[in-house]
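The exercises below ask you to read a protein structure step by step. Look at the sequence and the structure first, try each task yourself, and only then turn to the solution.

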Amino acid sequence: MIVKDRDKINIKGKKVVILGLALSGVAAAKLAAYNEAHVFVSDNNETKELINSLNKLKELKINGELGNHSEQIYEADLWIVSPGIPQDSELIIRAKEKRIPIISEIEFASWYTDSPIIAITGSNGKTTTAHILEKMVQTDQIHGLLAGNVGVPFSDMVLNDLNNPNPKRVWVLEISSFQMEFIIHFKPFISIFLNITPDHLNRYSSMKEYIAAKMNMWSNQTKEDFIVYNVDDDILVEEIAESTSRKVAFGLNYHPEAIFQPNRTKIYTQEHATLIQMEDISLPGKHNLSNALAAATAANIIGIPNNKISTVLSSFSGVPHRLEKVAEINNIIYINDSKATNLDAVNVALQSLSQPIILLLGGLDKGSDFRSLLPHTHKYLKTVIAFGQAKELILLAIRDAVRSTSAMDLKEALSLAQNYSQPGDIILLSPGCASFDQFENFEHRGDYFKDLVNTMETSE
């Protein structure tokens, strides 16, 4: 099957195998069927949810299997793989030996749209930046839609546009490193790089490999495209140096390449006009100022007027699962930061709060060095309660640097936190780990935490 020339791709009558039947897999299957491919889906798991998904696909004459990957998956002209399947897995190695083209769902969906793509990646801040930018790119001339690693899969959105074309469409995509492992043609008009810190080192053999996956996002860009990058991140500055795309900086200090410049009291434009006063920005924290500047820069490039940008910055108050205040009960504040799936995000959360903190930390370890939290223990962190698969690793790393204990699961961790808490404290769920040891995803974990807290509040 020809995949080297995007304009010549035609999957009609081809055997397309989808590996992984989560949301993006189901969406890719539907898009492939719409384009008249012979679609076969395969998932190694067999849950009630997956069974329901497969039954719905069968109504579209899409066949599949659950509970194992049979030999049938190798009878394929194309594979579309779940982000959860690593590059070095036996499945992938064998498929490459058989010369089966392998792509991600993001790559596949991009074949069927010519609308501009603004793609956002980074170790932290992707979701917040993506939501801010989605709000900004809503005008009479531009109809932005958010997809990718957050919300609705890209393939679902593209299929909807194929049925209901919108010439004003602009895509805002949150992109993970996993989604960039198998790309061929994916080419954003604007690539936004927020930051690079250690993450997913249980998946990648080194930081170099992790960074390389992130940098794939600009690999197909040309001199007509843009890279919006955090000039305060030395790794990013070095990694994008070879790109021929138009580079536009953003950062927390003055930089001549930046469209918007922050100072102590305001953000101002290249014409030295005030975009917004700092006190009028709804999202607190330096990390969120950086995210806001990234979104504002991309919005400006694509033609959004400054008054629209400033209106969003003054009204956008945050996204679920990222430093989300759940409740205040008996003068104890409960905060859901389930989106913090690496330690850099946990450190950002700790730096953003200024009351005594009981930290709920744990889940599925991603190869993190929990000792990196220690420089922050002398501030407001008074207790760590470790839970889930990583709990022993966490306690071993922290030792006696701060009071710590462990719990089997999040429910027990919250119960222990209540026992340790006093009025004026913050109980913070900022796990620093993946959620997959006990939850479907970080949203499931955060919603579970909120349900536990809300149940406590109603019983008061």
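**Exercise 1.** In which sense do strand 17 and strand 20 pair, and over how many bridges?

*Solution.* Keep in mind from the start that this is a predicted model. Begin by finding the two elements, where strand 17 covers residues 357-362 and strand 20 covers residues 426-429. Strand 17 and strand 20 pair in the parallel sense, over 4 bridges. To fix the register of this pairing, take I358, whose bridge partner in strand 20 is I427. Next, turn to strand 16 (residues 332-336), which also pairs with strand 20 in the parallel sense over 4 bridges. Here N336 has L429 of strand 20 as its bridge partner. In general, the strands of a sheet pair through backbone hydrogen bonds, and the pairing is either parallel or antiparallel.

**Exercise 2.** Determine which way the side chains of strand 20 point, and whether they are buried or exposed.

*Solution.* Going along the strand, I426 and L428 point one way, while I427 and L429 point the other way. All of these residues are buried.

**Exercise 3.** Describe the surroundings of F387, and decide whether F387 is buried or exposed.

*Solution.* First place the residue: F387 lies in strand 18, which is made of residues 381-387. The relative accessible area of F387 is 1%, and because buried means under 20%, F387 counts as buried. Then list the contacts, leaving aside neighbours within four places in sequence; among them are L360, L361, G362 and G363, as well as L429 and P431. N330, by comparison, is 57 residues from F387 along the chain, and the C-alpha atoms of F387 and N330 are separated by 24 Å.

**Exercise 4.** Work out the strand order of the open sheet that has 6 strands, and name its edge strands.

*Solution.* The order of the strands is 7-8-6-9-10-11, and the pairing is parallel. The edge strands are strand 7 (143-148) and strand 11 (246-250), each of which pairs on one side only. From one strand to the next, the twist averages 20°. At one edge, strand 7 pairs with strand 8 (residues 169-174) in the parallel sense over 6 bridges, and L145 stands opposite W171 in strand 8.

**Exercise 5.** Classify the packing of helix 5 against helix 10.

*Solution.* Two packed helices are described by the angle between their axes and the distance between the axes. For helix 5 (residues 126-136) and helix 10 (residues 306-315), the axes come within 9 Å and cross at roughly 135°. The two helices are therefore oblique to each other, since an angle counts as roughly antiparallel if it is over 145 degrees and as roughly perpendicular from 65 to 115. The crossing of helix 5 and helix 10 is right-handed. In the contact, I132, K135 and M136 of helix 5 meet K308, I309, V312 and L313 of helix 10. Sorted by class, this contact has 5 nonpolar, no polar and 2 charged residues.

**Exercise 6.** Examine K61 and L323, and find how exposed each residue is.

*Solution.* K61 lies in the loop between helix 2 (48-58) and strand 3 (63-66), and K61 has a positive phi of about 65° although it is not a glycine. With 76% relative accessibility, K61 counts as exposed. L323 is found in the loop between helix 10 and strand 15 (324-329), and the phi of L323 is a positive value near 45°. The relative accessible area of L323 is 25%, so L323 is partly exposed.

Methods: Residues numbered from 1 in each chain as written. Predicted model: local features only at pLDDT ≥ 70, side-chain atom pairs only at ≥ 80, totals over all residues. Heavy atoms only, no water. Pairing = 2+ DSSP bridges. Axes fitted to C-alpha atoms, helices over the stretch in contact; angles between N-to-C directions. Buried < 20%, exposed > 50% of the residue type's maximum accessible area, 1.4 Å probe, protein only. Contact = heavy atoms within 4.5 Å. Parallel < 35°, antiparallel > 145°, perpendicular 65-115°, else oblique. Left-handed = near helix turned anticlockwise from the far one by under 90°. Nonpolar A, V, L, I, M, F, W, Y, C, P; charged D, E, K, R; others polar.
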